[in-house]
Amino acid sequence: MGALRRKLARAGLSGLLVTHLPDVRYLCGFTGSSAALAVTRRSARMFTDGRYTTQAAAEVKAAQVEIVGRGPAISAVQWMAAQAGAETAGFDPARTTVAELTRLKEALPARLRRTFLTPVPAPLVETLRLVKDEDELRILREAALMGCRLFDHMLGFLRPGLMEVEVAAELEHQARLMGAEGMSFDTIVASGPRSALPHGRATAARLPRRGFLTLDFGIIHEGYCSDMTRTVYLGTAKPKERQAYEAVLAAQESAVAAVTAGVKCGEVDEAARAVLRDAGLADAFTHSTGHGVGLEIHEAPRVGAGQATRLQAGMVVTIEPGIYLEGEFGIRIEDMVAVTRHGGQVLTPSPKALIEL
Ligand code: ZN
Ligand code: ZN
């Protein structure tokens, strides 16, 4: 909260309206699904409804709680406007619809309607969330290791003839038994030619006797997301398939090796892309190399071509190059990597050499 207040002062704002729920959780600990947080230079107040009276009292730190009967964001804005000397409050334009903004303005006294709410030029809270503190890193490390244990379990479960949805169900069932709060996104199980779909959600398709199988999954642990991908082979890979796998693995390891504090995200992306270019697979690599991960499965920074953002110690990013050859197969390998001053620390140490089942 202190760091956020310094940012408010620098931006010349009296307060900030926070409505994006992961931001609310980050700042005051509340995990409910309806809330708005008002942060001023002197105090903070979180608004929620009567369903959350007990939960808010138990969870919220560093902010007062007020239970309201109407929209929490409207209450938050009205409260900030009523504070002595309040002139402006920032809001995140990327998280506020035009309809919401109209409603918020209408709830203000007439003299403040035009000037009080100010869009912040860059998201203030998301910027704070970029760099994880020790506690967040511990949770992310634990989440990542739970993912690895799941992958281990799945290696003993996979066999030709299973439906992809059975694979996803087993993975998600085991995740729950392990204590996961949920999955961080719809589990991707893409087998055979379907592995060429970068986001192939599990279907009724059956695992082939021979072919690649991509598993991309993540669990939620203490609110934080894990994310990892492994591609295994059912049967014995043909030389062309093995070569392609080796190229993706080399690209992935090259990008992991490029991760360190001070390096531009675009340079990490290029480390992967250059390897695939040399292997003649540049066109088959159709997405960015990775993304930040934390309270949300996709958050800043984006590890993509030309990205000028520099990695800082404490950031956690995924490194996940992949290739997709339509009608044939696809391969992706993804790790979570914590940025330190002395390089990247892989949080998902599951084996990456080609596994043939
Ligand atoms: Zn993933
Ligand atoms: Zn990912």
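**Exercise 1. Find the partner of strand S12, then see how well S12 is covered.**

Strand S9 (residues 211–217) pairs with S12 in the antiparallel sense, over 7 bridges. Keep in mind that we're working with a predicted model.

*Step 1.* Pick out a facing pair: Phe 217 sits opposite Met 228 in S12.

*Step 2.* Sort the side chains of S12 by direction. Met 228, Arg 230, Val 232 and Leu 234 point one way, while Thr 229, Thr 231 and Tyr 233 point the other way.

*Step 3.* Check the burial of both sets. They're all buried, so S12 comes out as mostly covered, with 7 of its 7 residues buried under the cut-off of under 20% relative accessible area.

**Exercise 2. Work out what holds the zinc ion (ligand 1), and classify its geometry.**

*Step 1.* List the donors. Asp 216 shows up twice through OD atoms, joined by Asp 227 (OD) and Glu 334 (OE), at 2.0 to 2.7 Å.

*Step 2.* Read the spacing along the chain: D-x10-D-x106-E.

*Step 3.* Look at the angles. Four donors would need all angles between 85 and 135 degrees to count as tetrahedral. Here the 4 donor atoms subtend 53 to 152 degrees, so the arrangement is irregular.

*Step 4.* Place two of the donors. Asp 227 is in the loop between strand S11 (224–225) and strand S12 (228–234), and Glu 334 is in the loop between strand S17 (329–332) and strand S18 (335–340), so this pair ties together parts 107 residues apart in sequence.

*Step 5.* Check their accessibility. Asp 227 counts as buried because its relative accessibility is 3%, and Glu 334 counts as buried at 0%.

**Exercise 3. Do the same for the zinc ion (ligand 2), and identify the residue that links the two ions.**

*Step 1.* Collect the donors: Asp 227 (OD), His 291 (NE2), Glu 320 (OE) and Glu 334 (OE), at 2.0 to 2.2 Å.

*Step 2.* Write down the sequence pattern, which is D-x63-H-x28-E-x13-E.

*Step 3.* Go through the angles. They run from 78 to 152 degrees among the 4 donor atoms, and the site is irregular.

*Step 4.* Now for the link. The zinc ion (ligand 2) and the zinc ion (ligand 1) are 3.1 Å apart, and Asp 227 coordinates both.

*Step 5.* Trace where Asp 227 and His 291 come from. Asp 227 lies in the loop between S11 and S12, and His 291 lies in strand S13 (residues 290–292), so the pair ties together parts 64 residues apart in sequence. Both Asp 227 and His 291 are buried.

Terms used: Residues are numbered from 1 along each chain as its sequence is written. Chains are lettered from A and ligands numbered from 1 in the order in which they are written. This is a predicted model: local features need pLDDT of at least 70, side-chain atom pairs count only at pLDDT 80 or more; totals for chains, interfaces and linings use all residues. Side-chain values use heavy atoms; hydrogens and water are left out. Donors are N, O and S atoms within 2.8 Å of the metal (3.2 Å for Na, K and Ca); water is not among the atoms, so sites may look incomplete. Four donors count as tetrahedral if all angles lie between 85 and 135 degrees; four count as square planar and six as octahedral if opposite donors are over 155 degrees apart and all others between 65 and 115; anything else is irregular. Helices (H or I, at least four residues) and strands (E, at least two) are DSSP runs, numbered from the N terminus. Buried means under 20% relative accessible area, exposed over 50%, partly exposed in between (1.4 Å probe, protein chains only). Two strands pair if DSSP finds at least two bridges between them.
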